[in-house]
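Thank you all for coming; I would like to walk through one model this morning, taking the sheet before the helices. Please have the structure open in front of you as we go.

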Amino acid sequence: MIARKYLYLIALAREKHFGRAAEACHVSASTLSAAIRDIEAELGVTIVERGQQFSGLTPEGERVLACARQIAAQAEGLRQELAQLQDSLSGRLRLGVIPTGLTAVATLTAAFARRHPHVDIEVRSMSTQQILAGLDSFELDGGVAYLESATPNHTALPLWRENHVLITPVDGPLEGRDWVTWQEAAHIPLCLLTANMHNRQTIDSVFASIGQRPRPSLETDSVISLLAHVEAGHWSSIVPRAVLERIGTPPGIRLLELREPLVEWATGLLVLDRQTRSPMVVALRAEAALLADA
C-alpha cells in the first residue's frame, strides 16, 4: 500500500526530531535514518536538511512529504472501505477541536461512537490554524471550529450556534446582577484566552465594535484554566455558553448574560474539500448532519 519508509518520513515531519519520530514508529533512530537515506537514494534528491539536529525538510522533501501524506490517507480510506464491506467501520477518528468546543463536541463524538462502536476516537485540543493545517496534511479527519474559519480548501457543516456569557465569582462586585453590557465587562478584571486563539479574536472584535480594548491581566490557552481562575475569586471571564451546558457551572461561579450588543457565532464541522472522502469522514459528516438537524 505505502512503503513503511514513507510513514517514517511523515512521522519525522510531525515530530521534528529523529529520536521522537523513531519512538513513535517503534523503531530505532538508526533504522529511521537509514529509511530516510533510502528514500533520498531512490528519488535522487535530498529531502532532509543536513545538520547536527533535524532542522526541516528541503523543498524537494516537502513535496515528497505531501505525496506521502496523500498516499497514506488513500491507503487508510481503502482499509476503511474494506472494513465497511464487512458491515463494520473501524479505525481511528482524529478530530481537532478548538478549546471552547471541547465540552460541546461530546454530543457529536458520543453519537458517533454509538453508531460506530469499533472506531476509536481521538479528540485533540487545537487552535484554528492547527486544525486547518492538520486537515490539509491529512493528519485530521475533521475539525470543530467557528464556521467563518473555513477556507476554500474546506467544507463546513453547521453544528450549533452559541453566544458568550460572563462568568464571575459568586461573591464578586457583580453580585445580584443577571446580565451586564459588554461596555461594563471591559472595565472589570478579566482573564481570557491568549490572543492567538480564534475565540479571543472574536471577543476582541466585539469590544472593538463598541470602542473598547480591555487588557486582561491573565491569559491562558486552556478553558479549564479560565474556570479555575474565576473560581479563585479575582477574575471574571467571557466564554461560550456551550462550554458550561455540558459540564454545568462550577461552584463559586455565576453566569451572567452579555448584552449590548447581543452577538452569536456558528460553530461547525470542517473537513477537507475532496471529491473522494474516506468512509470515516463520510460517517462523521453524516452524524454531524443529524446533530445539526436535531
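In which sense do strand E1 and strand E2 pair, and over how many bridges? Before I answer, please keep in mind that this is a predicted model. Strand E1, residues 91-97, and strand E2, residues 119-125, pair in the parallel sense, and the pairing runs over seven bridges. If you look at Leu95, you will find that its bridge partner in E2 is Val123, while in strand E3 the residue standing opposite Leu95 is Gly142. That second pairing, between E1 and E3 (residues 142-146), is again in the parallel sense and is made over three bridges.

Stepping back to the sheet, we have five strands in the order E2-E1-E3-E11-E4, forming an open sheet whose pairing is mixed. The edges are taken by E2 and by strand E4, 154-162, each of which has a single partner strand, so one side of each is left without a neighbour in the sheet. From one strand to the next, the twist averages 20 degrees.

Now to the connection between E1 and E2. Together with helix H5, residues 106-115, these two strands make a right-handed β-α-β unit. H5 itself lies across E1, E2 and E4, and runs at about 170 degrees to E2.

Let me turn to one residue of the sheet, Gly268, which is found in strand E11, residues 265-272. Is Gly268 buried or exposed? Its relative accessible area is 0%, and because buried means under 20%, Gly268 counts as buried. Leaving aside residues up to four places away in sequence, Gly268 touches Gly143, Val144, Ala145 and Leu147, and also Leu157, Pro158 and Leu159. By contrast, a C-alpha separation of 21 Å lies between Gly268 and Ala195, which are 73 residues apart along the chain.

Finally, the helices earlier in the chain. The axes of helix H2, residues 18-25, and helix H3, residues 29-43, come within 8 Å and cross at roughly 100 degrees, which means that H2 is roughly perpendicular to H3. On the H2 side, the residues that meet H3 are Phe18, Ala21 and Ala22, and they do so against Ala29, Leu32, Ser33 and Ile36. Sorted by class, this contact of H2 with H3 has six nonpolar residues, one polar residue and no charged ones.

How values were computed:
Residues numbered from 1 in each chain as written. Predicted model: local features only at pLDDT ≥ 70, side-chain atom pairs only at ≥ 80, totals over all residues. Heavy atoms only, no water. Axes fitted to C-alpha atoms, helices over the stretch in contact; angles between N-to-C directions. Helix = DSSP H or I, 4+ residues; strand = E, 2+ residues; numbered from the N terminus. Parallel < 35°, antiparallel > 145°, perpendicular 65-115°, else oblique. Contact = heavy atoms within 4.5 Å. Nonpolar A, V, L, I, M, F, W, Y, C, P; charged D, E, K, R; others polar. Pairing = 2+ DSSP bridges. Right-handed = clockwise from strand over helix to strand, strands pointing away. Buried < 20%, exposed > 50% of the residue type's maximum accessible area, 1.4 Å probe, protein only.
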